[in-house]
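User: Could you walk me through some of the words people use to describe a structure like this? I would like to see how each label is earned.

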Amino acid sequence: MQLTPDDTIVFTILGIGINATVVNTWIIMALLVGASALVTRRLRPDVPPSRWRTALEVIVSGIVGQIAEVTQRRDPRILYFVGTLFLFIVTANLLMVVPGFDTPTASLSTTVALSISVLVAVPVFGIGSRGLGGYLKTYAEPSIIMLPFNVVSEASRGVSLAIRLYGNIMSGAVIAAILLSIAPFFFPVVMDMLGLLTGVIQAYIFAVLATVYISSATAVSDAADDNKDIPHD
Amino acid sequence: MSIDWITVGAQIGNFLVLVWLLKRFLYRPILDGIDAREREISTRMGEAARVEAAAEKQKAEYEARIEALQASRAETLEAAREAAEKERREMLAEARRKIDREQAERAAQRAEDARAYRAELQKTGAEALLSLTRKALTDLADETLESRIVARAVARLPEVADRLHGEPQYAVAVTRNPLPEDVRAGLRDALNRLAPGAQLSFETDETRSPGLSLKLGSVQIDWTISDYLEDLEAMLDKAMDDLPAGSARDDG
């Protein structure tokens with residue numbers, strides 16, 4: 001039984017095999033960017049928003065609201081990162097029900113990549129907010145003795161994120177595959193519906209955890225710059 | 001289950017590209033659109049607030065105008081009421097004055113009617129008295145009224161002799177009707193005895209009471225039936241006053 005789309009080589013470029021994970025990621029990217037570009041083209045404030053634009057505004061406003069609830073501020077940079085995480089994961093998880101489509105989140109490589117992105121983004125946002133010294137000092141708080149534990153804790157976050165998302169998605173796929181072999185006409189539908197719900201929840205959890213990590217990295221700066229919104233860059 | 005690090009790197013790259021693309025095609029347009037719409041809504045809200053403020057101001061002005069109009073209306077009504085009350089009082093006063101004037105005129109008319117009636121009654125009574133006296137004197141004593149008056153005057157001439165200062169040169173006898181010649185002669189003889197040489201002339205005056213007025217120089221002596229007529233008038237007045245009130249009103 002094939003458990004990861006990494007093993008499926010779709011085509012080869014310059015001797016490098018492009019597997020289904022990457023190709024399906026491109027498909028998801030094309031869907032997201034294409035739909036966004038299609039809906040947001042020729043936006044005019046004096047024209048009432050269309051149904052699709054309203055839907056996108058609801059989604060974006062919801063993400064902004066969730067981020068604001070966690071970070072207690074409205075930072076567009078966090079929105080770009082966390083919002084993209086959520087949209088990508090939720091789209092990938094929802095496409096899981098498409099027959100023949102191997103969702104990229106079912107690949108440990110994808111979840112590791114996303115976790116690494118979060119692990120890198122946390123110090124980037126923290127250094128951006130506190131400065132390099134201020135951010136590194138957080139590893140020695142409340143005492144220098146805590147330095148190794150904080151480093152391990154930070155590293156375990158990434159592993160935790162990656163394993164959690166991969167495990168949930170893969171477990172759903174594995175369970176669906178097992179049930180499909182047992183009762184092919186009933187369980188797949190139920191499992192797909194359950195997988196949709198689980199996928200959305202997992203996307204939400206992944207995005208919220210990323211937001212929490214970023215927020216904790218920028219917490220001191222937030223206290224100093226309380227109620228100070230960072231403008232759009 | 002293994003990790004393909006090439007795929008991991010590709011996915012990280014894909015994710016970063018997706019972040020940039022979504023920022024370019026999703027977040028920025030949507031956020032800018034939301035901000036623009038919020039600004040427009042804010043502008044419209046501000047405009048609405050200005051319009052509302054203007055409407056409130058206009059409402060306050062209209063309310064003030066309405067209050068002023070109501071106050072003016074109340075003042076106008078009060079002034080009209082006072083003017084009507086004043087005109088009513090003036091009309092009542094004028095009506096009372098008119099009634100009083102008409103009552104006074106009617107009273108004066110009644111008094112004038114009463115006076116004329118009394119004068120007429122007095123005249124009629126006097127005429128009747130004269131006629132009866134004449135008739136009685138003629139029937140019972142075979143004399144005229146004028147001869148009896150002159151005889152009475154002649155008999156009383158000595159009583160006034162002490163009022164004459166010296167002998168009068170002229171004397172005038174005034175009667176209502178011309179005296180008979182024999183009566184004139186008797187009066188002339190009596191005057192000659194009282195004032196010898198005095199010239200006596202006779203005059204008539206139809207407006208005078210029946211009788212004789214004799215002017216002797218500066219002295220005038222009257223023997224008329226006015227006293228009798230006054231007694232008759234008093235009797236008539238008493239008789240009229242004794243009439244019942246209803247009869248008097250009916251007559252009036």
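Analyst: Happy to! Let's begin with "contact", which means that heavy atoms lie within 4.5 Å. Leaving out residues up to four places away in sequence, A:Thr25 touches A:Ala20, A:Phe88, A:Pro104, B:Gln11 and B:Asn14. Keep in mind that this is a predicted model.

User: Why is A:Thr25 called buried?

Analyst: Buried means under 20% relative accessible area. A:Thr25 has 1%, so the label fits. This residue belongs to helix H1 of chain A, residues 20-40.

User: What makes A:Leu32 count as buried?

Analyst: The cut-off is again under 20%. A:Leu32 has a relative accessible area of 13%, so it is buried. A:Leu32 lies in helix H1 of chain A. Beyond its neighbours within four places in sequence, A:Leu32 is in contact with A:Leu87, A:Phe88, A:Thr91, B:Leu18 and B:Leu22. Its C-alpha atom and that of A:Thr84 are 9.6 Å apart, with their positions 52 residues apart along the chain.

User: How do you know that A:Leu14 is exposed?

Analyst: Exposed means over 50% relative accessible area. A:Leu14 reaches 83%, so it is exposed. You will find A:Leu14 in the loop between strand E1 (9-13) and strand E2 (16-19) of chain A.

User: What is notable about the phi of A:Leu14?

Analyst: Most residues other than glycine have a negative phi. A:Leu14 is not a glycine, yet its phi is positive, about 50°.

User: Why is the pair of A:Tyr135 and A:Tyr139 called edge-to-face?

Analyst: Two numbers settle this one. Rings pair if their centres lie within 6.5 Å, and planes over 60 degrees apart count as edge-to-face. By this rule there are 4 aromatic pairs over all chains. In the pair of A:Tyr135 and A:Tyr139, the centres are 5.4 Å apart and the planes make 85°, which is edge-to-face.

User: Are those two tyrosines buried or exposed?

Analyst: A:Tyr135 has 5% relative accessibility, so it counts as buried. A:Tyr139 has 15%, so it counts as buried too.

User: Which residues form an aromatic cluster?

Analyst: A:Phe81, A:Phe125 and B:Phe15 form one aromatic cluster.

User: How do you know that the charged end of B:Arg24 sits over the ring of B:Phe25?

Analyst: For an Arg, CZ has to be within 6 Å of the ring centre and within 35 degrees of the ring normal. The charged end of B:Arg24 is 4.9 Å from the centre of the B:Phe25 ring and sits over that ring.

User: What makes H2(A) and H1(B) roughly perpendicular?

Analyst: Angles of 65 to 115 degrees earn that name. Helix H2 (residues 51-71) of chain A packs against helix H1 (residues 5-141) of chain B at about 95°, with axes 10 Å apart. The two are therefore roughly perpendicular to each other. Where they meet, H2(A) offers residues including A:Leu56, A:Val60 and A:Val64, and H1(B) offers residues including B:Ile30 and B:Ile34.

User: Why does that name also apply to H1(B) and H2(B)?

Analyst: The axes of H1(B) and helix H2 (residues 145-156) of chain B cross at roughly 85° and come within 9 Å. That makes H1(B) roughly perpendicular to H2(B). B:Leu130, B:Thr133, B:Arg134 and B:Leu137 of H1(B) make the contact with B:Leu145, B:Glu146 and B:Arg148 of H2(B).

User: And how many helices and strands are there in chain A?

Analyst: Chain A has 8 helices and 2 strands. Of its 233 residues, 43% count as buried.

Notes. Residues are numbered from 1 along each chain as its sequence is written. Chains are lettered from A and ligands numbered from 1 in the order in which they are written. This is a predicted model: local features need pLDDT of at least 70, side-chain atom pairs count only at pLDDT 80 or more; totals for chains, interfaces and linings use all residues. Side-chain values use heavy atoms; hydrogens and water are left out. Helices (H or I, at least four residues) and strands (E, at least two) are DSSP runs, numbered from the N terminus. Buried means under 20% relative accessible area, exposed over 50%, partly exposed in between (1.4 Å probe, protein chains only). Rings of Phe, Tyr and Trp (its six-membered ring) pair if their centres lie within 6.5 Å; planes under 30 degrees apart count as stacked, over 60 as edge-to-face and the rest as tilted. Axes are lines fitted to C-alpha atoms, for helices over the stretch in contact, and angles run from 0 to 180 degrees between N-to-C directions. Angles under 35 degrees count as roughly parallel, over 145 as roughly antiparallel, 65 to 115 as roughly perpendicular and the rest as oblique.
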